[in-house]
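Here is a structure to look at, with attention to a single part.

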Amino acid sequence: MADTRSTDTAHFDINAAVVFRLGEELITDVVQALVELVKNSYDADATWVKVTIATRAKNTWGRKYKDASGVILVEDDGDGMTRSAIQHGWLTIANSPKRERKARGKPTERGRTPIGDKGLGRLGVQRLARNVEIVTRPREEEGQFYVAFSWRDFRDSESLAKVPVVLESENRGKASRAGTTLILSDLCEMEAWQGERNLQDLQRKLSGMISPFQEVQDFVVYLEVDGKQVELAGIAQQVRETAMLQYRLEFDGATLCVSGRARLDYLMPNDLSDRALLQSLFRKDRGKALFEFLSRRTGKRRPPVLRRSESPGWFVEFETKRRLEDVDKVRLQDGVPANPGPFKGEVDAVSLDHTDLRSHTMDRLSVYRRLVADLAGVRIYRDGFGIRVGEDWLGLGRQWTGGRSYYGLKPGNVLGFVAL
């Protein structure tokens, strides 16, 4: 009997709609999607990125989708993208040239370690808008490129390769300014950007994901929503200015330095009569006796250096230094202290009851408490962008409820950062 079997070449394919599942699982909300695009600008060695959200505008910036309403512009002065970078970066799902650079430990020309390497930026765009247009001018090549596609076409195409994409090149000579502009039109969640309350929520969320505590070196983020400039750092700074106690941490790889300062109100008891008595005693000698009492306190450990503060509104300043091997409960790795490498941080403790708001723009204690609740926590940042960690990862709640002595730092009244 003759053998009738035949062998055909087979291959895997993927339905274009899978990008929606990937985007939904990897990007939780529109704010994170926006931050991923800002990270892309940072990785492209931009010195600035400007995000403009125009919910009522027609797409006059684009070419293919001019009739679409609601636009988000993301502009930067980064390196731009070559044709190869567009094809193997933006148009190749789950591929990122930055992953190879990071694996080889090779920083950018500005010495930055790439933050993104999973292609989240391009997948997250689907949460922001239905249409995508890109105008990019590569730094090392002449001319510019224009890319356009619609996420709607992903639902109707059998495979990724059949999704229609416009890719045009224009040879205009070497660009006077390199950079990339993303034009996102037909916004998906228009209400997320409209209304004073939503705008305040956006401001607070972005302030948590893009560091409000320190400027990223040589990188500035601008945000404008419907013609209104949104300050990302100012809202956190207003709360920090009311702090009763401030810590500054700096580790150089060998020695940990902890310094800070405290207001008199931080030392005050909660009982109003006791507070009045202590304040009257303090006024008699301008706090000299209280400072001498604190200076005489000794314990098993070497006490920190204590001095009267010369800054207005502050009572004392302190500083202590310890070698890594002398730090309490330091973890060991192969018998030696595990060295995390250099880092710095700041931690502020505020009061939810006795804060004087007369010198600040927050005129009601209820507003102040809501802002503290939104910003509370010690966040971790790498290169100025937030790293997601567990709530109260420092265990302040456990320390406060289980400590035998007075412990002033609580999860709800502490805000700060650790910068890696």
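Q: Please look closely at W151 and the ring contacts: is W151 buried or exposed?

A: W151 counts as buried, at 5% relative accessibility. Buried means under 20% relative accessible area, exposed over 50% and partly exposed in between, with a 1.4 Å probe and protein chains only. The model is predicted, so local features need pLDDT of at least 70 and side-chain atom pairs count only at pLDDT 80 or more, while totals for chains, interfaces and linings use all residues. Residues are numbered from 1 along each chain as its sequence is written, and side-chain values use heavy atoms, with hydrogens and water left out.

The structure holds five aromatic pairs. Rings of Phe, Tyr and Trp (its six-membered ring) pair if their centres lie within 6.5 Å; planes under 30 degrees apart count as stacked, over 60 as edge-to-face and the rest as tilted. One of the pairs joins W151 and F154, with centres 4.9 Å apart and planes at 35 degrees, so this pair is tilted. F154 is also buried, with a relative accessible area of 8%. Together with F149, these two residues form one aromatic cluster.

A further pair is that of Y247 and F318: their ring centres are 5.7 Å apart and their planes at 65 degrees, so the pair is edge-to-face. Y247 lies in strand β9 (residues 245–251) and F318 in strand β12, 71 residues apart, and the pair thus links distant parts of the chain. Strands are DSSP runs (E, at least two residues), numbered from the N terminus. Y247 is partly exposed at 24% relative accessibility, whereas F318 is buried at 14%.

Both strands belong to an open sheet of eight, in the order β11-β12-β10-β9-β15-β18-β16-β17, with mixed pairing. Two strands pair if DSSP finds at least two bridges between them. At the edges stand β11 (305–308) and β17 (385–387), each with a single partner strand, so one side of each is left without a neighbour in the sheet. Within the sheet, β15 (residues 343–349) pairs with β18 (residues 414–419) in the antiparallel sense, over six bridges. E346 has F417 in β18 as its bridge partner.

Rings also take part in contacts with charges. A charge sits over a ring if NZ of Lys or CZ of Arg is within 6 Å of the ring centre and within 35 degrees of the ring normal. R63 lies over the face of Y146, 4.1 Å from the ring centre. The charged end of R263 sits over the ring of W314, at 3.9 Å from its centre.

Note on methods
Helix = DSSP H or I, 4+ residues; strand = E, 2+ residues; numbered from the N terminus.
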